[in-house]
Amino acid sequence: MKSKKLIAMIACATLALPLAACGSKAVATTSGGKITQEEYYNEMKSTTNGKQVLQQMILDKVLEKEYGKQVSDKQVNAQYNTYKNQYGSQFSAVLQQQGLTEKKLKQQIRSNLCLEAAVRNYTHITNAQINKQWKKYEPKVQTAEILVGSKDDAQSIIDQLNNSDHPYKTFKKLVKSKSTDASTKNAGGKVAAFDNTSTSVDSAYKKAAFKLKTGEFTTEPVKTDDGYVVIYMIEHPAKGKKSQHINDLKTQIVQEKMNDSKFLHKVVSNVLKKGNVSIKDNDLKNIMDDYLNSNASTTKSNSGSSLTKDRKST
């Protein structure tokens, strides 16, 4: 299973554009003359990307002030290492492809965790919600996969596993020789652990995986958006009792709220209104109106709102 873009797991990548820089100092020089910071700033602030960068910078500042103390370096590093382990030797290449550095990724993880803290603050969780969440709850499972291009290829792998006295050992050998997923084949096919709320995992993959017990593999090819996969369940913890997972259930409810654009818009609106936001540049004074002028008591949705679209979690 090829993972979705790394940024989809946390937030939309923002361009590191120095919108605040303004002056006569040259950003670049050419045979035709120099490009000053002021010229660059005036050009960028008129673009959609430039405006979105400023929107994101404002939100990040306010979130850090209000919720930064609730986010630890340990949490940031844990999430960072999850992504790093998932991509293995491809991690640096993935960062480069998306215009990120390790430092920038950690900054985005921190910002997203601050947003999650805000969502948690505005989420009133009832017993009815917990009971509803329990019905669809699946603990985090650890799987491995072999991705191939055709159903016949996947079936051939399943046949070899069925005829093996040591299926997992055989599975790991076949990962190296057969899998087309470069992000997992060098790690025995291991996919980052996921539960029922994970949005970065193909729905067909999740459905098939949750049916497996530890040590089992799919007996039929699983068709995903990336091709056909054979899934091996490395560890599927028992669901246990609801009372053992109250905190997990609350976390899952918050994660679902993070993917609810209407609710997220409402939270961002409330956060920004409490942040005393004041735009000093007249050309940009209206960029936060969708949030600052909205009625926070309603669940307004706007498909053009870059902050709520881009800051969803996985």
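A144 stands opposite K190 in strand 4, and this pair is a good place to start exploring the predicted model. The two residues lead us into an open sheet of 4 strands, arranged in the order 4-3-6-5 with antiparallel pairing. From there we can visit the helices that pack nearby, and then two loop residues.

**The sheet**

- Strands of a sheet pair through backbone hydrogen bonds, and the pairing can be parallel or antiparallel.
- In the order 4-3-6-5, strand 4 and strand 5 are the edge strands, as each of them pairs on one side only.
- Neighbouring strands of this sheet are turned against each other by 45 degrees on average, with direction ignored.
- Strand 3, which covers residues 141-148, is mostly covered, with 7 of its 8 residues buried.
- Strand 3 runs antiparallel to strand 4 (residues 190-194), and 3 bridges join the two.
- Besides A144 and K190, you can look for T143, which stands opposite V191 in strand 4.
- Strand 3 also runs antiparallel to strand 6 (residues 227-235), and here 7 bridges make the join.
- For a marker on that side, find I146, which stands opposite V230 in strand 6.
- In a regular strand the side chains alternate between the two faces of the sheet.

**Helices that pack on the strands**

- Helix 7 (residues 151-162) packs on the sheet and touches strand 3 and strand 6.
- The direction of helix 7 makes about 30 degrees with that of strand 6.
- Which residues of helix 9 (residues 203-210) are buried? They are Y205, K206, A208, A209 and F210.
- These buried residues of helix 9 pack against strand 3, strand 4, strand 5 (222-224) and strand 6.
- At the start of helix 9, a side-chain oxygen of D202 comes to within 2.8 Å of the backbone nitrogen of A204.

**Two helices that cross**

- Two packed helices are described by the angle between their axes and the distance between the axes.
- The axes of helix 2 (residues 48-67) and helix 11 (residues 261-274) come within 10 Å and cross at roughly 80 degrees.
- Helix 2 and helix 11 are therefore roughly perpendicular to each other.
- On the helix 2 side, the contact is made by I58, L59, V62, L63 and Y67, while helix 11 contributes V268, V271 and L272.
- What classes of residue make up this contact of helix 2 with helix 11? There are 8 nonpolar residues, no polar ones and no charged ones.
- An α-helix has 3.6 residues a turn, so residues three or four places apart point the same way.

**Two loop residues to look up**

- T218 is placed in the loop between helix 9 and strand 5.
- Is T218 buried or exposed? T218 is buried, because its relative accessible area is 5%, and buried means under 20%.
- Leaving aside neighbours within four places in sequence, T218 is in contact with I158, A208, L212, V229, V230 and I231.
- One of these contacts, V229, is 11 residues from T218 along the chain, and their C-alpha atoms are separated by 8.8 Å.
- N276 is found in the loop between helix 11 and helix 12 (289-292).
- N276 is exposed, because its relative accessible area is 68%, and exposed means over 50%.
- The backbone of N276 has a positive phi of about 50 degrees, although N276 is not a glycine.

Technical notes:
Residues are numbered from 1 along each chain as its sequence is written. This is a predicted model: local features need pLDDT of at least 70, side-chain atom pairs count only at pLDDT 80 or more; totals for chains, interfaces and linings use all residues. Side-chain values use heavy atoms; hydrogens and water are left out. Buried means under 20% relative accessible area, exposed over 50%, partly exposed in between (1.4 Å probe, protein chains only). Two strands pair if DSSP finds at least two bridges between them. Axes are lines fitted to C-alpha atoms, for helices over the stretch in contact, and angles run from 0 to 180 degrees between N-to-C directions. Angles under 35 degrees count as roughly parallel, over 145 as roughly antiparallel, 65 to 115 as roughly perpendicular and the rest as oblique. Contact means heavy atoms within 4.5 Å. Ala, Val, Leu, Ile, Met, Phe, Trp, Tyr, Cys and Pro count as nonpolar, Asp, Glu, Lys and Arg as charged, and the others, Gly among them, as polar. A polar contact is a pair of N or O atoms within 3.5 Å; within protein, one must be able to donate a hydrogen and the other to accept it, and residues adjacent in sequence count only if both atoms are side-chain atoms.
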